[in-house]
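Q: Please take a close look at one part of this structure and describe its surroundings.

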Amino acid sequence: MVEFLTHSAGFPVWLSWTVTAVTAAVLILNVMAVGALVFIWAERKIAARIQDRLGPTRTGGKFGWLQSVADGIKLLAKEDLMPDGADAMLFRIAPYVSFCASFAAFIALPFAFDVVGQRLNVGGFFVVAVLGLEVFGVILAGYASASKWSLFGAMREAAQVVSYEVPLGMCVVVPVMLSGTMDLVTIGEKQAGWFTNWYVFHDPFTFVVFWVYFTCAVASVNRAPFDLAEAESELVAGFHTEYSGLRWSFFFMAEYGSMFLVSGLASVLFLGGWNGPVPLASILGLSEGTGDTAPFVVRLIGCMNLLGKATLGVLVMMWVRWTLPRLRIDQVMTTCLKYCTPIAAVMFAGAMLWTWAAPGGLVGLFAPNRLPRLVFRPGGEIREGWIEGPGGLMASSGTRATTAIGPTGVDRVQDSAGPLVAVKRDAEPYGLEFEGVR
Amino acid sequence: MIPCYAFASVCLAAGFNWHGFFFLLFAAAACGLALAVVFTDNVVRMAFHLVLSLSATAGLFFLAGAEFVGAMQLMIYVGGTLVLLVFGVMLTAQAPFVSIATPSGEKLLAAVVGVALFAILLRAAFSQPAWREPPAVPAIGDRKPSATPIGMA
C-alpha cells in the first residue's frame, strides 16, 4: 500500500506511511471493538442457552442483537467513580494498559496471506510477548484500587499468568520448529492445501500440543475456569471491583480482544491459518490468477477462513466457561506446573523426534503427494529447513526436484515441467512460498 | 483545516519523516520516564514508569529493524522481570502505597555517579566517527534484517 500510494498516487513518502498506518490501525480497532460487541451478545445468548434460559430477547428485535449497543450507551453514560484511597494516576491508566497490550498484539497477527498490520519476522514471538503485558494492567488496577478484593485478584492474576507463560511458550515453539520460522505469514502458508496439512494433524504429538495450547491460552487470557482474578463468587469482581463506566468496559474490550487474538494465533499456528479445510481458491483456479481481482478474492476468502476459525475458538471458550466450574488457585497452579508444562515438554520432544524421522508428518508418510508444493513467488525467504517430503524438494508439478536444498545455500532448482522453484540465497531477489495441492 | 495545511507544509519543508519522529518520541519517552523512575517515591509507580521506559526502548529496537531484540526486551524485562518485581512488592508491602524516601546524601552521591557515567558514555558515543554520519535511509521494499542467523547459529 505504501508503494502504491508513493508511486501510483504520487503521495510523499511520509504521507503514504501515515495513510497506511492509520488504515491498518482503524481496521484492527474495528476488529476489536465490533468483535467485543458481537462476542458479548453471543456470550449472553450462549450462557442463557446452557443454563436453559433465553438471554436477551427484546433489545433490537427478536434475538436481542442490539443488547451490546444498549449496554455500551449505558456504560458511556455511567459515572466514572474512583475510591478515595486509590492511587489516582495508576487507577486511571490501568485499563488503557490492558487495552493497548491487547491491541498491540494484533499488529503482528495475519488475517490472510500478507494481510497483516506489520509483517514481523518474529511475529509469533512478538504476539506472545505483547500478550504477556496485558497482565500488567490487571496488576496495576488491583494495586491502585486500594481495595482488598482487587489486590487479591491482582495477585492471583500475576501468579497465574507468569506460570502459564511457560507452557504457552513451549506450545508455540512446536509449530515454529516444524516450519523453521517465527514469521506467522510463512507458518500459515506452509499449511496450505487440504486440512491434513494443518499442523494440528501433523503428528499425534502436535495434536496434543494444540489442546495444551488452548488450555494455556484460556488461562492466560484469564477466562473461566481460570478466571481467578475476577472470581465473582469470592472476590466481588476481583481486580475491577472499583471500576465503573467506560474504564470498566476497556477491561472487557481487552479481554474479548485477547480471546480473539489467542484463537487467531491458534488458527495460524495449528489450524492452517487462512487456508480452509478444502483448498477452495486452488480448486477454483483463483490462486494462479494474475489479474487485478483474483489475489483480492483469494485474500478475502482467507480472511473469512481465519475470522471463522478464530470465532469458533472464542465460542468454544464461552462453552467451556459456562460448563466447567472455576478451579481453586492451588488447582490452577497444579494444572499448569504438574500437567501442562510436563505434557508440553514431552510433546515438544516427541514432535522433534517425529520431524527428524518423518519430516512430512502423517501426510508425508501416507500421502506424500498431498504435501504443500513449493511455488515460485517473489517476496519470501529461503531456508534450508524447508524441505518437504522425504528426500528432496517438491516441485510445483508434483514431481520431486533433483537438487535438494543444502545447508550451505540454495541451488537453482528447476523442474522440467513446472516453474523455477528456488534460487541461490546469495542472489535472492525472490523466495519460496507454498501452495496447496490442486 | 488551515492549521492542518500549515502543519503539513511545515512537515514538508522540514523534510519530515516518521522514522525521525518516532525516534525522537521513543528516545524522549525512554529518557524522561527513566528520570521519572528516579524521582518517584512510590515503588509501584516506579515500576510502572520503568515499564514504560523499557517499552519505549523496545520501540527504538523495533524502529531500528531489530525485531527479535525488541520482542526479547518486551518478553524478558517488561513481561517477566517487572511483573515479578511488582508481584514481590505487593507480597511484601506492609501498608498500601509504600513510599521510599531517599536520604539527600545518597541522592547527591547518585547524582555524581550518574553524571560521571553519562559523561563517559556521551564522550564514547561521540568519539565513534561512524556514528556521526547520518545512516542511509532504507528504501521501500529493501530486505529487512532477519532473526534467521540467530536461529541457525
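A: The account below concerns one loop residue and the helix beside it in the list of contacts.

This is a predicted model, in which local features need pLDDT of at least 70, side-chain atom pairs count only at pLDDT 80 or more, and totals for chains, interfaces and linings use all residues; pLDDT is the predictor's confidence in each residue, from 0 to 100. Residues are numbered from 1 along each chain as its sequence is written, chains are lettered from A and ligands numbered from 1 in the order in which they are written, and side-chain values use heavy atoms, with hydrogens and water left out.

A:D183 lies in the loop between helix 7 (148-179) and helix 8 (184-189) of chain A; helices are DSSP runs of H or I with at least four residues, numbered from the N terminus. With a relative accessible area of 6%, A:D183 is buried, a term that means under 20% relative accessible area (1.4 Å probe, protein chains only). Its side chain reaches the backbone nitrogen of A:V185 at 3.1 Å. Apart from neighbours within four places in sequence, A:D183 is in contact with A:R119, A:L120, A:N121 and A:G123, where contact means heavy atoms within 4.5 Å.

A:G123 belongs to the buried residues of helix 5 of chain A. This helix spans residues 123-131 and is mostly covered, nine of its nine residues being buried. Among them are also A:F126, A:A129 and A:V130. These three are in contact with B:L74, when neighbours of B:L74 within four places in sequence are left aside.

Conventions
Helices (H or I, at least four residues) and strands (E, at least two) are DSSP runs, numbered from the N terminus. Buried means under 20% relative accessible area, exposed over 50%, partly exposed in between (1.4 Å probe, protein chains only). A polar contact is a pair of N or O atoms within 3.5 Å; within protein, one must be able to donate a hydrogen and the other to accept it, and residues adjacent in sequence count only if both atoms are side-chain atoms.
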